[in-house]
Amino acid sequence: MTDLVAGEATDAAGGQFVIELLDRAVAAMGGQSRTGQHEMARQVARAIETGNHLLVQAGTGTGKSLAYLVPLIAHALESNKPALVSTATLALQTQIVGRDLPRLLKAITPALDRPVKVALVKGRSNYVCRHKLEGGFPSEEPAEGQLFSLGEDTSVPHFAATVGGPSSQLGKEVVRLREWAEKTATGDRDELLPGVTDRAWRQVSVTSMECLGSQKCPMAAECFSELARQDAAEADVVVTNHAMLAVSAFEGLAVLPEYDVVVVDEAHELQDRVTGAVTGQLSVAMVHAAASSARKHTAITVDALNAAAANLELALAGAPNGLLPNGLNDEQLDCIDQLREACRAALSDSKGDSNTTPDGGRQLARSRLMLILELCERLIAARDNREVVWFSRASSFDPGQGYSQPDESAPVLVNIAPLSVAGRLREGLFADHTVILTSATLAIGSAFEPAAGGLGLVGEGAPSWTGVDVGSPFDYPKQGILYVAGHLPKPGRGASPESLAELEALIRASGGGALCLFSSRRAAEEAAEALRPKLGVTVLCQGDSTMTALVKQFADEPDTCLFGTMSLWQGVDVPGGSCRLVVIDRIPFPRPDDPLMTARSRAVAQAGGNGFMSVSATHAAIRLAQGAGRLIRSTGDRGVVAVLDSRLATERYAGFLRAALPPFWATTDRKTAIAALERLASEAH
């Protein structure tokens with residue numbers, strides 16, 4: 001592996017053409033080319049030409065989307081395979097497909113040999129299923145919310161056949177879905193505005209396991225999902241998401257077209273998104289639902305399934321929540337094995353005649369059985385395959401407290417996830433493709449190894465890669481101050497009176513314009529409740545409205561404050577005086593009872609490493625950088641990042657965490673921070 005800094009790379013073949021295209025695009029969009037943007041474009045072009053993997057950190061304001069899209073397009077026009085762009089969030093995916101690519105292509109197409117075709121690929125459940133819409137699948141909802149009933153006229157929704165139409169909110173949503181489905185060209189859920197609830201969407205969509213498949217479905221030729229995949233196979237650039245990338249890498253399924261190069265944007269999220277995509281959960285309720293569905297739609301005997309569910313329920317009774325370091329015990333494993341055999345038998349009995357007309361109900365039932373069988377196989381082999389197993393329970397809402405609390409009386413949920421996704425990513429992603437990973441927060445200091453290690457790029461047999469930091473156009477020491485409240489007590493379970501007083505003083509000094517990021521929803525709500533009566537400014541809190549509406553109001557009203565949790569730590573882009581203070585209540589370490597993080601820390605320690613630094617501190621450093629990155633979004637922005645966690649000033653690991661942050665001018669002096677905020681407030685007014 002080689003670390004490079006901006007300016008050290010030489011132009012790859014075709015690199016000058018890439019820079020000319022980039023300059024043309026930037027000029028057409030009314031912007032100015034930047035050194036870091038040029039450097040990133042050169043590095044991406046070089047990586048594509050050499051086939052060497054690239055990790056590139058590009059600070060906010062670099063214009064990294066254009067910097068990777070231009071060389072990617074130049075390559076795609078010469079290749080017989082499409083190039084991929086993968087994002088972690090829907091917001092960035094929408095930005096690339098709806099804004100960046102159209103503007104870019106409008107600017108550079110006259111200089112290209114031919115037009116560029118772009119396609120968007122999502123999971124099958126993101127598209128309307130025409131066959132389900134026409135009654136090919138039964139509904140699993142109660143009668144009033146039921147879209148179709150087997151054996152009935154399916155030309156209209158069950159509840160719309162009555163005079164006056166659907167009476168429930170669900171019914172109204174499904175009627176609107178049907179009307180929209182007749183007009184849409186893509187069937188893509190994200191094009192439906194305003195959106196609908198998940199429950200309504202399930203009435204018109206199927207998962208990949210529930211799908212009858214292109215060979216059996218009578219409406220395959222009109223299938224929105226299949227049409228999207230056909231477009232992708234013929235495209236030059238395909239935009240997708242990390243979950244689809246995970247399915248392709250882990251399962252080997254042809255959910256994406258064959259590609260040779262992929263840019264992974266928001267790459268700091270890749271490990272967590274991949275882990276989430278392949279994490280499984282089994283419950284007794286799932287087994288009963290699968291048995292009921294199999295009995296209803298395939299008419300098989302399900303006594304063995306119900307017996308296995310009953311035995312599993314007894315074996316799990318009273319089990320405490322948390323990590324199972326050695327996996328399930330012998331009694332629980334025996335029950336899982338019994339359930340596995342019952343699923344196998346049910347799947348065999350429910351196959352049906354190959355000459356029978358495709359049956360959506362049968363496929364729905366079999367998909368549930370297949371999912372449970374897969375989970376049983378994983379749980380039995382968990383120790384050999386180095387997978388982590390833990391118990392959890394659903395939460396219940398406590399009206400008195402106003403918060404969701406763990407419900408100890410709820411049934412046990414059995415969870416399983418890979419201890420590490422590094423090996424599978426190395427085999428399924430890095431082995432056969434050129435991968436460019438980029439983010440504004442990919443390195444800690446100048447080191448890319450912490451991020452690279454979790455992705456399979458460090459260790460014996462790891463492929464070669466290059467790490468590059470192209471910098472940022474912002475002058476962080478002049479534009480921002482990092483204030484660490486080192487005098488405050490260490491954070492406890494809730495917000496201390498001292499931290500609330502500190503927060504109040506900071507907001508008063510800034511006159512509002514504060515984005516306050518909290519480690520939990522409860523902490524955000526408690527702080528908002530405590531400070532609203534004391535402050536003369538509007539305090540918005542996550543949950544008061546949709547996130548889009550809250551962020552818009554925060555951006556439009558310079559003195560309004562916005563309190564929220566992790567979803568605000570990244571993706572909020574509010575340049576200008578409306579965000580002149582960013583407050584972080586505590587270092588975003590993983591929860592100490594997080595089973596997967598605990599297992600990973602123990603594994604590192606057993607191998608002779610420092611589990612805390614490799615897992616918890618690295619996790620915290622990247623997220624801390626994401627939160628602090630909300631402050632400076634343009635060259636004219638100025639402000640203060642205030643961290644109310646004294647450990648960032650006092651603990652031995654503080655330097656490691658601060659190395660991940662933008663290079664703000666740093667202080668622990670409260671008077672200095674207050675004075676700076678007062679100056680900013682006077683300038684804002």
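Colleague: Which residue stands opposite Gly322 in β9?

Modeller: Phe391 of β9 stands opposite Gly322. Strands here are DSSP runs of E with at least two residues, helices are runs of H or I with at least four, and both are numbered from the N terminus.

Colleague: What kind of model is this, and how are residues numbered?

Modeller: This is a predicted model, where local features need pLDDT of at least 70 and side-chain atom pairs count only at pLDDT 80 or more, while totals for chains, interfaces and linings use all residues. Residues are numbered from 1 along each chain as its sequence is written, and side-chain values use heavy atoms, with hydrogens and water left out.

Colleague: Back to β8. How many bridges join β8 to β9?

Modeller: Two bridges join β8 to β9 (residues 387-392), and the strands run antiparallel. Pairing requires at least two bridges found by DSSP.

Colleague: And what is the strand order in the sheet?

Modeller: β7-β12-β9-β8, in an open sheet of four strands with antiparallel pairing. β7 (280-282) and β8 (322-323) are at the edges with a single partner strand each, so one side of each lacks a neighbour in the sheet.

Colleague: New topic. Where is Asn52, and is Asn52 buried or exposed?

Modeller: Asn52 sits in the loop between α2 (35-50) and β2 (53-57). Asn52 is buried, at 19% relative accessible area. Buried means under 20%, exposed over 50%, and partly exposed in between, with a 1.4 Å probe and protein chains only.

Colleague: What does Asn52 touch?

Modeller: Leaving out residues up to four places away in sequence, Asn52 touches Ala47, Thr434, Ser464, Trp465 and Thr466. Contact means heavy atoms within 4.5 Å. The side chains of Asn52 and Thr466 also share a polar contact of 2.8 Å. That term covers N or O pairs within 3.5 Å; within protein, one atom must be able to donate a hydrogen and the other to accept it, and residues adjacent in sequence count only if both are side-chain atoms.

Colleague: Any odd backbone angles? What is phi of Glu266?

Modeller: Positive, about 50°, although Glu266 is not a glycine. Most residues other than glycine have a negative phi. Glu266 lies in the loop between β6 (261-264) and α10 (270-277), and counts as buried at 15% relative accessibility.

Colleague: And what about phi of Arg386?

Modeller: Phi of Arg386 is also positive, near 55°. Arg386 is in the loop between α14 (360-380) and β9. Arg386 is exposed, at 57% relative accessible area.
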